[in-house]
4 protein chains.
Amino acid sequence: MDLISLADYEKAARDKLSVELWDFIAGGVGREVSLRRNCAAFDDFPLVPRFLVEVSERSTSTTVLGTQVSFPVMTAPAGTQGRVYPDGDLAVTRAVGSAGTIAVVTIAAEYSLEHVADIASGPLWFQLFHYGDDLTSELVSRAEAAGYAAVCIAVDTVAGSPKDRDLHNRYVANRGRAFASLAGRPEATVFTQRRPDVFAWSDLDRLVSMTQLPIVIKGIMSPADAVLAAEHGAAGIVVSNHGARSRDGTLSTIEALPAIADAAGDRVELFLDSGVRRGIDVVRALALGARAVLIGRPVFWGLAVDGERGVRAVLDILRDEFDLAMASCGKTSPSELSTEVLAV
Amino acid sequence: MDLISLADYEKAARDKLSVELWDFIAGGVGREVSLRRNCAAFDDFPLVPRFLVEVSERSTSTTVLGTQVSFPVMTAPAGTQGRVYPDGDLAVTRAVGSAGTIAVVTIAAEYSLEHVADIASGPLWFQLFHYGDDLTSELVSRAEAAGYAAVCIAVDTVAGSPKDRDLHNRYVANRGRAFASLAGRPEATVFTQRRPDVFAWSDLDRLVSMTQLPIVIKGIMSPADAVLAAEHGAAGIVVSNHGARSRDGTLSTIEALPAIADAAGDRVELFLDSGVRRGIDVVRALALGARAVLIGRPVFWGLAVDGERGVRAVLDILRDEFDLAMASCGKTSPSELSTEVLAV
Amino acid sequence: MDLISLADYEKAARDKLSVELWDFIAGGVGREVSLRRNCAAFDDFPLVPRFLVEVSERSTSTTVLGTQVSFPVMTAPAGTQGRVYPDGDLAVTRAVGSAGTIAVVTIAAEYSLEHVADIASGPLWFQLFHYGDDLTSELVSRAEAAGYAAVCIAVDTVAGSPKDRDLHNRYVANRGRAFASLAGRPEATVFTQRRPDVFAWSDLDRLVSMTQLPIVIKGIMSPADAVLAAEHGAAGIVVSNHGARSRDGTLSTIEALPAIADAAGDRVELFLDSGVRRGIDVVRALALGARAVLIGRPVFWGLAVDGERGVRAVLDILRDEFDLAMASCGKTSPSELSTEVLAV
Amino acid sequence: MDLISLADYEKAARDKLSVELWDFIAGGVGREVSLRRNCAAFDDFPLVPRFLVEVSERSTSTTVLGTQVSFPVMTAPAGTQGRVYPDGDLAVTRAVGSAGTIAVVTIAAEYSLEHVADIASGPLWFQLFHYGDDLTSELVSRAEAAGYAAVCIAVDTVAGSPKDRDLHNRYVANRGRAFASLAGRPEATVFTQRRPDVFAWSDLDRLVSMTQLPIVIKGIMSPADAVLAAEHGAAGIVVSNHGARSRDGTLSTIEALPAIADAAGDRVELFLDSGVRRGIDVVRALALGARAVLIGRPVFWGLAVDGERGVRAVLDILRDEFDLAMASCGKTSPSELSTEVLAV
């Protein structure tokens, strides 16, 4: 079957991967209510097509934190890519670079942040957890030195909230693999040793003051945290429930976005992940205040199907769908998208 | 099985057609959310039956843009009818004429607009795309000369938004067939060569000024575009999302209609297609401001089952259902239908 | 399997009856949206249980139009009972009498209204259609003479709106059977010869003036018609969409009831049918303004399973369920039920 | 399969138990609308995760009516535990004690209230019905003497409302078993001889005056009854619809809670049962005003799977899930939970 949509890649990937690995990628925590809600809620924001508008000259490119991207879709930080395809982290980085957008490279990659930066052909962000001031500072400095465009701190850690599917499958994340960026350090050997829960807003102040890089907080789901992030110097926020992998029972991200945009949209750049599956979903997120979206599971689908080429294909599909959906709304640029394109 | 309802014709047609052709007719773009929503949303507008009213003397006839029709259902412009049944375009035209209503003949027909007009026994509209001023003007002049009652310009083109089902089936629309009305012209050979996206409201002004025919804009889904169409001289608007064949994620047409009627219902005649399957749906559309509805897929079902006779049967079913539904609301004429018959 | 609930009787009846007869009883018109909505909508009116109230002394009895009934459930007028069980009309009448409530005897019964009255052990209502002044007057006079307690005129005729299922099955209602109450008259031989659509409110005035019996209008679904019925002298109204057998796409009756009760509940007694399946549904209808409910299909289920005994069992189940549900709301009598028992 | 969640225990228990016993435990009355609603409605209260808050030092412990518990989950009073596992009542009591919370011991246990108190390692509540003043007073006195911390009177009796499933299965509750606490008394031999419906608010006044123990009324579903309970001296209320085992068609308990909390939340301690299946549900109940929740069916699942160990496992799962869910909301103690953690 020709692979036309991300849904096709999803099906094809499922056929390629073991049940254990598939479940690890596909599953959500708890009773998976948020997992379903993440995708389904996009359809509650109908789009308004417009016509007889000149949209033949248009561009999908935009900037995220000052960096030009060819279209407003980035890849989310995600470990395990090396299990899905040999050197998966690198394949994703290459695909994203060739597509002209940004990969958010995870600390959980099998290659060090410096190695990934070396093979990259475009701008990158580096995602880490908070490991306490010293190690965190060191990692941020290394990312800055390696040329990363931004640092993304994931605050919605999944440590301590394994998914039922993984427990049933006795799936062990990162089995026997150290985080390459932490090679030789004790923190690298025990995944849960990190203590992101002790990351406090005052720590963010310190981080902001010690680096030139913009800092993005990933995992925000409340207007209150969005305001705090802005007040403490974050340049960006990823509205995310971690693909419903960290906690169940929350709003979907597209539902959470409007109130967050109201509260802090003029002070930080907003991003969104969790549930984006079609170009129309990207339009919806941008219409509600996001500057770009991140995709997680679809990257795995592309990777599983055809490595770098598969990831690139997934990105190309989304870009083309986004382009068409944007034009359908009578708009020629991501910056023109607003709630005006929604029937709400 | 006796064919009682349009649903019966749908089932029977599915049995007759190849999977590829069926999918082309039945499918919608994207994840087919709008496809389902188009039909389902009608049920959100409950009807209020009325009794002890004299409705034995009643008529389903009305006028559309000044032309008398026997009941407020027309056939939507649609290519591919010739693949479903030999000389399908002509069969539809004949069936519609014998039923006393109007067929909207498409530029994509296998016969030229003049040929179709020749064999017609009743009034017709001609649907075209915008091909630039010269060709468009020429086509409008030809339609006028051939006796068409109106010109319908489809603005919600499907070019560039193929349906996943068709891509999976490697279905090629209009394979090897030129548009007969464009025979001998380069535009005829490449379906997508047309550039409807460069059609602008100012072009509509010019078209309006060069013809005596009323011009209908098909594919409007927003109050704003409805107002623009009225301001630029359109006589009618078809509220349509192209049967969910051009873009996914929009409102259903019956949901979009009320706001459009509020905005422009006193300045243009409103029509609606996409999702009409029962006479009660016709009543709902008229109650919310439409003057008539158009049917698309049901025409294919009738055609596939029994050619001209099948199309006529589909129309007869809808007329009888509409008549009964109108009477059930205590009304004796389409012009009496208003929101008063809805429980909203 | 022991038959515990009406749902059990439904299943058992389905096993006993031919597909054609089952479909005739079970089906609804159109796409059966109202059929499903009739039952499902009851659940949108949650009940509020109350406790520590003295409810050990309670009674389910009430009056309907001045006649005492043992509980507020009557049987709806319905032809075809003789096909489901030998002498079905009589079996239903006997069962209802023994249960202490009222059967609404239909003109479509296989026995004349006088015959049915003769074998009855309790009060009856007589249901007819409007056949023009002369015959209608004659029938009303006969009903009065035969001791009926009220006359019920069904205005939501099903003539002209056959159900798809019946047409598929080529089911012919009342095949070869005359209405016994019209024996020897030409009107009796053609079911559809009656013209209820020419029944006007002024005809109701005349009927009211010519009889001592209270007149009940069955089939009202709008506040406007309810007010008109009251103004023209009706003593009662059955809020009914004929079990979704006459028209599809309406509100369910429990949804329609509140506005009707607001408009006319202080001027006429309100009844409700269509979708009542449990005692809690009876409580809901009474809480929203109905004086009693009528059941239609459940009577057929009882009849099919065990004739008179089956109908009696169905009534007993509903009475016991109603009694318990009423007590659960802290009430000891039907007259105490109001919106206070609903969580809305 | 490893048993990870309560849902896993449910599946495993189903495999272990006879259909009759399973249905008795799993089923609800009527058409089981409330049964489904009890669980599903929790998902209508989305949680708001918070981050960068110091939650590493936290405690799940709280007090219920002045008694310390390790986390805000108690076990609901329930007969039949002895059928599911030998000496089931004792196994549950032991498991709950070892988990550091409170078991509500039922009068329907196979062991006398004194016997259960003897083997208990932690605080207990005693649940009884109202049997008239004398016996009730005697039982309360015995509970006080045996060291129970509170008396819980179930007012939402299931007597007279058997579940369809049980009737189909001809399941007889408490077959041949007397209530041990009533050994030798005539009341013990006939389960339904008790007449809780004659329990009146004035009886509650008397009970309150005759004992030092706090009295909890279980089964309240209305703000009005909650206010009455407070006025008549109840120390606590369990918002409960008896797991949808006593009446169908009510709100779910989580839907009923907010209005009850508004009406009486400052005068009595509120508890909730019926439908709690995950730690996030416990957070939701506490956020809406409950001090703790009770679990019923999940106790049976644990018991069926592995006796005392199974019950303990079920409690441990809920405690860990609650702990994580509380922390996810940025809270470190049950007392901090309020509507602020809900996206409503």
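Student: What area do chain C and chain D bury between them?

Tutor: Chain C and chain D bury about 2300 Å² between them, with 55% of it on carbon and sulfur atoms. The size of an interface is often given as the accessible area lost when the parts come together. Here, buried area is the accessible area (1.4 Å probe) that two parts lose on being put together, summed over both. A word on the ground rules: this is a predicted model, where local features need pLDDT of at least 70 and side-chain atom pairs count only at pLDDT 80 or more, while totals for chains, interfaces and linings use all residues. Residues are numbered from 1 along each chain as its sequence is written, chains are lettered from A and ligands numbered from 1 in the order in which they are written, and side-chain values use heavy atoms, with hydrogens and water left out.

Student: How many residues does each chain bring to the contact of chain C and chain D?

Tutor: Chain C brings 27 residues and chain D brings 29 residues (contact means heavy atoms within 4.5 Å). For chain A with chain B, 27 residues of chain A are in contact with 29 residues of chain B, and these two chains bury about 2400 Å², again 55% on carbon and sulfur atoms.

Student: Which chains do not touch?

Tutor: Chain A and chain C do not touch, and their nearest C-alpha atoms are 22 Å apart. Chain B and chain D do not touch either, with 22 Å between their nearest C-alpha atoms.

Student: How many salt bridges cross the interface of chain C and chain D?

Tutor: Side chains of opposite charge can pair when their charged atoms come close. Five salt bridges are found across the interface of chain C and chain D (a side-chain nitrogen of Lys or Arg within 4 Å of a carboxyl oxygen of Asp or Glu). In one of them, Asp2(C) pairs with Arg170(D), the closest N and O atoms being 2.6 Å apart. There are also 13 residue pairs in polar contact between chain C and chain D, both residues at pLDDT 80 or more (a pair of N or O atoms within 3.5 Å; within protein, one must be able to donate a hydrogen and the other to accept it, and residues adjacent in sequence count only if both atoms are side-chain atoms).

Student: Which helices supply at least two residues of the side of chain C that touches chain D?

Tutor: Look at helix H12 (279–287) and helix H13 (297–328) of chain C (helices, H or I, of at least four residues and strands, E, of at least two are DSSP runs, numbered from the N terminus). H12(C) gives the most, with three residues. By class, this side of chain C has 15 nonpolar, three polar and nine charged residues (Ala, Val, Leu, Ile, Met, Phe, Trp, Tyr, Cys and Pro count as nonpolar, Asp, Glu, Lys and Arg as charged, and the others, Gly among them, as polar).

Student: What turn lays chain C on chain D?

Tutor: Two copies of a chain are related by a rotation about an axis and a shift along it. A turn of 90 degrees and a shift of 0.0 Å along the axis lay chain C on chain D with an RMSD of 0.0 Å. That is the relation of a four-fold axis. In chain C, the C-alpha nearest the axis belongs to Asp44(C), 11 Å from it. Copies are superposed by least squares on the C-alpha atoms of residues with pLDDT of at least 70 in both.

Student: How many salt bridges does the structure hold over all chains?

Tutor: The structure holds 96 over all chains. One of them joins Arg284(A) and Asp43(A), with the closest N and O atoms 3.6 Å apart. Arg284(A) lies in helix H12 of chain A and Asp43(A) in the loop between helix H3 (33–40) and strand S1 (62–64), so the pair ties together parts that are 241 residues apart in sequence.

Student: Are Arg284(A) and Asp43(A) buried or exposed?

Tutor: Arg284(A) is buried, with a relative accessible area of 0%, and Asp43(A) counts as buried at 17% (buried means under 20% relative accessible area, exposed over 50%, partly exposed in between; 1.4 Å probe, protein chains only). Lys163(A) and Asp166(A) also meet in a salt bridge, 2.6 Å from N to O, and both are buried.

Student: Where do Asp306(B) and Arg309(B) lie?

Tutor: Both sit in helix H13 of chain B, three residues apart, about one turn of the helix. Their salt bridge has its closest N and O atoms 3.1 Å apart. Asp306(B) is partly exposed at 28%, whereas Arg309(B) is exposed at 61%. Elsewhere, salt bridges that share partners join Arg31(A), Asp43(D), Asp281(D) and Arg284(D) into one network.
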